[in-house]
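Student: Could you walk me through this structure with a few questions and answers? I am new to it.

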There are 2 protein chains.
Amino acid sequence: MGRPPGFDRREVLAAVEREFRKNGYDGTSLDDISAATGLGRGSLYAAFGDKHALFLAALGDYCDQDEASGAAALAGPDETAMERLRAYFIDSVDRQLNDPEQLACMASRFTVELAGRDRDATARLSQGFEAQRAALAGCLRAAQRNGDLDPAAEPVTLATLLVVDFRGIGSLIGIGLDRAELVAVVDAALAGLPVPPPSAAAS
Amino acid sequence: MGRPPGFDRREVLAAVEREFRKNGYDGTSLDDISAATGLGRGSLYAAFGDKHALFLAALGDYCDQDEASGAAALAGPDETAMERLRAYFIDSVDRQLNDPEQLACMASRFTVELAGRDRDATARLSQGFEAQRAALAGCLRAAQRNGDLDPAAEPVTLATLLVVDFRGIGSLIGIGLDRAELVAVVDAALAGLPVPPPSAAAS
DNA sequence: AGAGTTCTTTACTGAACAGTCCAGATCGTT
DNA sequence: AACGATCTGGACTGTTCAGTAAAGAACTCT
């Protein structure tokens, strides 16, 4: 039935995502993408459609992976919920610091760049936000069950705050804070989560 | 000595800043700027230089005002330091929500868009970050003097966390959180600041 | 009022852009 | 091995871009 495609869709989308992440939507040309993927423009158009559709495909693929890995990293036994929370933040910091180009996270970047301009992208990013918040809220509920967090606290509000911290840290890595400072900020953020009142203490 | 300019430099830079803020650096053409300011390209080039210089001028002007107003909003007597802190955040939220186009704050936006790409812009934004952090740290020290904050806490680390919160909130406004949620997040962030140990309590 | 200086506008240039098209290459099928 | 279907890559198009240059308008100073 004809010639099969000579590329792996996931690999191509990963390269596309990286290219968009580097220079933004407007700052990335199809020539850049063509060079980064090794595919000609004709192939890209045939496989994914125009630039916007290609971007949405790359964004969707990234969000899918991000949501899955985030949910996996935050799920686990109640006893280690707080450890998972800290590891989730520290891992994110290290991943960005170790990135050869120190690119901001895709979600942070395009949430500010495309909000109000690109309805489709905003919808996907909004879904990604909800997924991240839900995963964090689940982890916070686990911490509550384990007595590490005030049971009277509202997990969703605190989870929203943690997403805010997460995105804020991601956006500030670009201006040159070093790892020690970032880790201190993460610890300060987690230290600010409400502890259970002493009257209810038991262990 | 010849004809004076027919425009106000500050007004033009404010319009330019708004245009860049709306669509980003790459997404804004000189025609857009020309239409927004009412000035022809020649006038813009003569007055400010090329696109990049024009952008830096607008960014610098914005940062100057932002730093001054932030410092003013956070300065005051020790007794009301915590109130000023909260008002600073709530005002920022309201300003963005009331903005006709709900544009993200200039600093947040270009910190992620230009980090690692534009050395000059990053330098200016980094200076803006330091100014905001210093103003917040000053306010936190005032709160410490007033007994509202643990004197053992490191003001600069907490101030960094507050900048993280500030930028994170700004970047998430674009995805449609409502005012009540945002206010709850602000309050959760401020509630996470370390209170003085009870042994040292006095008033 | 006139001269000189500065601002403003318009038209222009070469490059880069997104998107299209087609000739040729490559593969599964028979 | 030959066919048909699909993929591939480069050439092409019309548009938009940043930046330039020159002609004309407007203002101050003498």
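Student: Which residue of chain A forms a salt bridge with Glu181(B)?

Tutor: This is a predicted model, so we are reading computed positions. Side chains of opposite charge can pair when their charged atoms come close. For Glu181(B) and its partner, the closest N and O atoms are 3.1 Å apart. The partner is Arg133(A).

Student: And which two helices hold the salt bridge between Glu181(A) and Arg133(B)?

Tutor: Good one to look at next! Glu181(A) and Arg133(B) form a salt bridge, with 3.1 Å between the closest N and O atoms. The pair joins two chains, because Glu181(A) and Arg133(B) lie in helices of chain A and chain B. Those helices are α9 of chain A and α7 of chain B.

Student: How many salt bridges cross the interface of chain A and chain B?

Tutor: Over all chains, the structure holds 28 salt bridges. Across the interface, the rule also finds six residue pairs in polar contact, both residues being at pLDDT 80 or more. The salt bridges found across the interface of chain A and chain B number two.

Student: Which helix supplies the largest share of the side of chain A that touches chain B?

Tutor: Let us list the candidates. At least two residues each come from α1 (9-23), α6 (106-114), α7, α8 (155-172) and α9 (179-191) of chain A. The largest share is 12 residues, and it comes from α8(A).

Student: How many residues on that side of chain A are nonpolar?

Tutor: The contact takes 35 residues from chain A and 35 residues from chain B. On the side of chain A that touches chain B, 11 residues are polar and nine are charged. The nonpolar residues there number 15.

Student: What share of the area buried between the two chains do carbon and sulfur atoms give?

Tutor: Start with the total: the area buried between chain A and chain B is about 3000 Å². Carbon and sulfur atoms give a share of 72%.

Student: What kind of axis relates chain A to chain B?

Tutor: Try superposing chain A on chain B: a rotation of 180° does it, with 0.0 Å of shift along the axis and an RMSD of 0.1 Å. That is the relation of a two-fold axis. The copies meet through the same surface, because 100% of the interface residues of chain A are also interface residues in chain B. So the name you want is a two-fold axis.

Student: How many helices does chain A have?

Tutor: Along its principal axes, the C-alpha trace of chain A spans about 70 × 40 × 30 Å. From the N terminus on, its elements run α-α-α-α-α-α-α-α-α. There are zero strands, and the helices number nine.

Student: How far does helix α7 of chain A reach from its first C-alpha to its last?

Tutor: This helix covers residues 119-145, which makes 27 residues. At 1.5 Å a residue, the expected reach is 39 Å. The model comes close to that, with a reach of 39 Å.

Student: Which residue just after α7(A) takes a positive phi?

Tutor: First look at the other end: at the start of α7(A), a side-chain oxygen of Asp118(A) reaches to within 3.2 Å of the backbone nitrogen of Asp120(A). Just after the helix, a phi of about 80° belongs to Gly147(A).

Definitions and conventions: Residues are numbered from 1 along each chain as its sequence is written. Chains are lettered from A and ligands numbered from 1 in the order in which they are written. Side-chain values use heavy atoms; hydrogens and water are left out. Copies are superposed by least squares on the C-alpha atoms of residues with pLDDT of at least 70 in both. Contact means heavy atoms within 4.5 Å. Helices (H or I, at least four residues) and strands (E, at least two) are DSSP runs, numbered from the N terminus. The expected span of a helix is 1.5 Å times one less than its number of residues. A polar contact is a pair of N or O atoms within 3.5 Å; within protein, one must be able to donate a hydrogen and the other to accept it, and residues adjacent in sequence count only if both atoms are side-chain atoms. Buried area is the accessible area (1.4 Å probe) that two parts lose on being put together, summed over both. A salt bridge is a side-chain nitrogen of Lys or Arg within 4 Å of a carboxyl oxygen of Asp or Glu. Ala, Val, Leu, Ile, Met, Phe, Trp, Tyr, Cys and Pro count as nonpolar, Asp, Glu, Lys and Arg as charged, and the others, Gly among them, as polar.
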